Amino acid sequence: MLTSARLITPDGKMIELSPEMYRKVKRLLETNRISAPAKNRITAIRATHGKYAGNTSLTQALLQQKQIEISRENNPLRRRNG
């Protein structure tokens, strides 16, 4: 059983598409992929690069927290096993 393709609009309406119209829409979407210009991408990367440099290392804080958790887990075992 073949079902027809449906296009869902931003406001939630469904539009039934014929197989031919589906192929046209699919081709249109595949050929018109728009990506941000390189200049915009570079600007965005530079704006956020090093944003947290000089602050407390979140990675180090997570590693310290993990060490605390491991020691809590091991302490009852050490007491029980001697």
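**Exercise 1.** Is lysine 24 buried, partly exposed or exposed, by relative accessibility?

*Solution.* Start with the cut-offs: buried is under 20% relative accessible area, exposed is over 50%, and partly exposed lies in between (1.4 Å probe, protein chains only). Lysine 24 has 42% relative accessibility, so it counts as partly exposed.

A note on the input. This is a predicted model, where local features need pLDDT of at least 70 and side-chain atom pairs count only at pLDDT 80 or more, while totals for chains, interfaces and linings use all residues. Residues are numbered from 1 along each chain as its sequence is written, and side-chain values use heavy atoms, with hydrogens and water left out.

**Exercise 2.** Lay out the secondary structure of the chain.

*Solution.* Take the elements as DSSP runs, numbered from the N terminus: helices are H or I with at least four residues, strands are E with at least two. The chain has three helices and two strands. From the N terminus, the order is β-β-α-α-α.

**Exercise 3.** Describe how β1 and β2 pair.

*Solution.* Pairing requires at least two DSSP bridges between two strands. Strand β1 spans residues 5–8 and strand β2 spans residues 14–17; they pair antiparallel over four bridges. Leucine 7 stands opposite isoleucine 15 in β2. Next, the connection: the two strands form a hairpin with five residues between them. In that turn, glycine 12 has a positive phi of about 90 degrees.

**Exercise 4.** Find the salt bridges and place each one.

*Solution.* The criterion is a side-chain nitrogen of Lys or Arg within 4 Å of a carboxyl oxygen of Asp or Glu. Searching the whole structure gives two.

- Step 1: glutamate 16 and arginine 6 meet at 3.2 Å, N to O. Glutamate 16 is in strand β2 and arginine 6 in strand β1, so the pair ties together parts ten residues apart in sequence. Arginine 6 is exposed, at 51% relative accessibility.
- Step 2: glutamate 20 bridges to lysine 24, with the closest N and O atoms 3.4 Å apart. Both lie in helix α1 (residues 19–31), four residues apart, so about one helical turn separates them. Glutamate 20 is partly exposed, at 47% relative accessible area.

**Exercise 5.** Summarise burial, surface and confidence.

*Solution.* Of the 82 residues in the chain, 2% are buried. The accessible surface (Shrake-Rupley, 1.4 Å probe; for residues, only the protein chains shown count as cover) is about 8,200 Å², with 57% belonging to carbon and sulfur atoms. Confidence is given as pLDDT, the predictor's score for each residue from 0 to 100. The chain mean is 80, and 82% of residues reach 70 or more. Confidence is highest in β2, at 87, and lowest in helix α2 (residues 38–48), at a mean of 80.
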